[in-house]
Amino acid sequence: MEANRVRDISTSMIRRMFEVVAEAKRRGIDIVSLSIGEPDFDTDERIIEFACEAKRRGYTHYTSNMGIDELREAIAERYGVERDEVMVTAGGSEALMNASLAFIERGSEVVIPSPNFLSYFVYAKLCEAKAVQVKTHPEFRLDIDRLNEVVDRNTSVVFLNYPSNPTGVVEDERTLKAVVEIAQDAKAIVVSDEIYDQIYYDKKPVNLAGMENVVAVNGFSKSLAMTGWRVGFTIASKELLDSMLKVHQVNGVCAPAFAQKAIADAFAEGVFDDVTERMRRAFRGRRDYIYPAFRELGFEVVKPEGAFYLFPKIPVDMDCVEFTEKLVMDGVAVTPGVAFGGGNERYVRVSYAASMDSLKVAVERIRKFLESLA
Ligand code: PLP
């Protein structure tokens with residue numbers, strides 16, 4: 001029998017989108033996929049070499065639950081914290097799950113600005129808590145007064161995610177620090193998901209790592225195009241890490257040893273900065289193409305300052321699921337806004353982690369699609 005805590009977690013949206021794309025492919029339709037949540041780059045060849053070498057040198061066993069010292073030290077140095085405040089995890093997702101199980105009390109409230117990464121809603125359900133959504137439309141900026149109203153003694157966790165998936169917004173330092181203060185007053189933990197912190201265009205995102213009551217979640221899936229390697233990390237006070245370790249020791253246990261060592265080498269050899277800089281440049285070029293192109297097509301859209309997503313409002317009177325299903329038949333896959341929380345029925349997420357040529361083809365197909373609706 002399925003346990004209550006998973007009963008109303010739905011996988012129907014993912015299945016439906018999968019079926020719609022499969023049906024379009026069966027009909028022989030060529031599809032440009034703008035629904036992907038990972039960089040379209042392969043892991044850098046130098047990191048692959050570091051990993052092969054690490055395997056030969058015996059990095060094939062468990063590591064300490066906290067991660068190998070070399071990697072923890074490299075992370076600590078970069079974020080200006082102590083090594084003891086860093087825990088390496090099996091991807092950002094494991095870190096989010098550890099934080100959720102460690103800090104979301106059953107029956108408590110979990111504050112989630114909407115739109116946002118779907119997983120936060122799932123963590124709230126798994127922990128049998130109530131998700132309190134705070135809408136941020138149409139600019140997708142946090143409203144401090146609104147947060148002040150909803151964050152109270154019933155709040156266990158506030159999820160923040162900047163640069164944002166799905167909007168690309170990078171929230172400013174003053175606002176983020178105000179949220180942390182509000183959470184501190186309510187004795188709530190801020191889980192700051194900073195997984196896109198290396199992908200920014202105009203201003204450098206703020207890292208909340210090191211602040212009291214903050215659990216910063218990060219990883220190398222996006223920054224080094226290593227989604228399949230499963231290495232993430234958490235930065236928090238020793239006390240908060242101790243609570244998360246209780247979960248991590250039975251959850252991820254440790255990230256793959258050779259992958260940890262390869263990333264430590266990437267830091268030591270200057271490969272980290274080289275890879276992130278190159279990806280940033282490529283994504284910036286695409287952002288500078290796709291944002292004006294969508295505006296020109298008639299979409300209302302906030303200019304992304306980070307990550308690799310646009311979250312445009314559909315310019316015709318159509319629900320996002322219908323829009324997405326019809327657009328696939330015209331050769332472009334995007335993600336319906338409802339996958340990112342309440343109030344997003346008229347939006348879609350467009351990932352520009354695709355080649356410039358693919359983006360240009362997609363824009364022309366969307367133009368024709370919109371013309372066919374007029
Ligand atoms: N957080 C956000 C906002 C994401 O978009 C993703 C992946 O899409 C993750 C966390 C999870 O990343 P990881 O591959 O490190 O588990």
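So, Tyr309: its bridge partner over in β12 is Ser351. Keep in mind that what we have on screen is a predicted model. One step along, Leu310 stands opposite Val350, again in β12. That gives 2 bridges joining β9 to β12, residues 348-351, and the two strands run antiparallel.

Now, what's on the other flank? There, 2 bridges join β11 to β12, and that pair is antiparallel too. If you want one to click on, take Pro336, whose bridge partner in β12 is Val348.

Put those together and you get an open sheet of 3 strands, in the order β9-β12-β11, with antiparallel pairing. The edge strands are β9, at 309-310, and β11, at 335-336, and each of them pairs on one side only.

Okay, stay on β12 for a second. Which way do its side chains go? Val348 and Val350 point one way, while Arg349 and Ser351 point the other way. And are they buried or exposed? Buried, all of them, and yes, that includes the arginine, Arg349.

Right, on to the cores. The largest nonpolar core has 70 residues, and the ones with the most contacts inside it are Leu71, Ile75 and Phe220. Helix α11, residues 271-296, puts in the largest share, which is 9 residues. So where does this core sit relative to the domains? Domain 1, which is 4-42 plus 273-373, and domain 2, which is 61-269, both give residues to it, so the core lies between them.

Let me zoom in on Leu71. Leaving out residues up to four places away in sequence, Leu71 touches Val88, Phe220, Val231, Gln260, Ile263, Ala264 and Phe267. You'll recognise Phe220 there from the most-contacts list a moment ago. There's also a second, separate core, this one of 28 residues, and among its members are Val180, Ala188, Val214 and Ala339.

Last topic, the voids, since I know somebody will ask. How many cavities of 30 Å³ or more does the structure hold? There are 2. The largest cavity comes out at about 80 Å³ in volume. As for who lines that largest cavity, you've got Pro113, Ser114, Pro115 and Asn116 in a row, then Thr136 and Phe140, and then Asn161, Tyr162, Ser164 and Thr167.

So, to recap: a sheet with β12 between β9 and β11, a 70-residue core lying between domain 1 and domain 2, and a largest cavity of about 80 Å³. Okay, that's me done.

Terms used
Residues numbered from 1 in each chain as written. Heavy atoms only, no water. Core = buried A, V, L, I, M, F, W, Y, C linked by side-chain atoms within 4.5 Å. Buried < 20%, exposed > 50% of the residue type's maximum accessible area, 1.4 Å probe, protein only. Helix = DSSP H or I, 4+ residues; strand = E, 2+ residues; numbered from the N terminus. Domains from an automatic or database assignment. Contact = heavy atoms within 4.5 Å. Pairing = 2+ DSSP bridges. 1 Å grid on protein atoms, 1.4 Å probe; cavity = no way out; pocket = protein on both sides within 12 Å on 5 of 7 lines; lining within 4 Å. Points joined across faces, edges and corners; volume = space filled by probe spheres on them.
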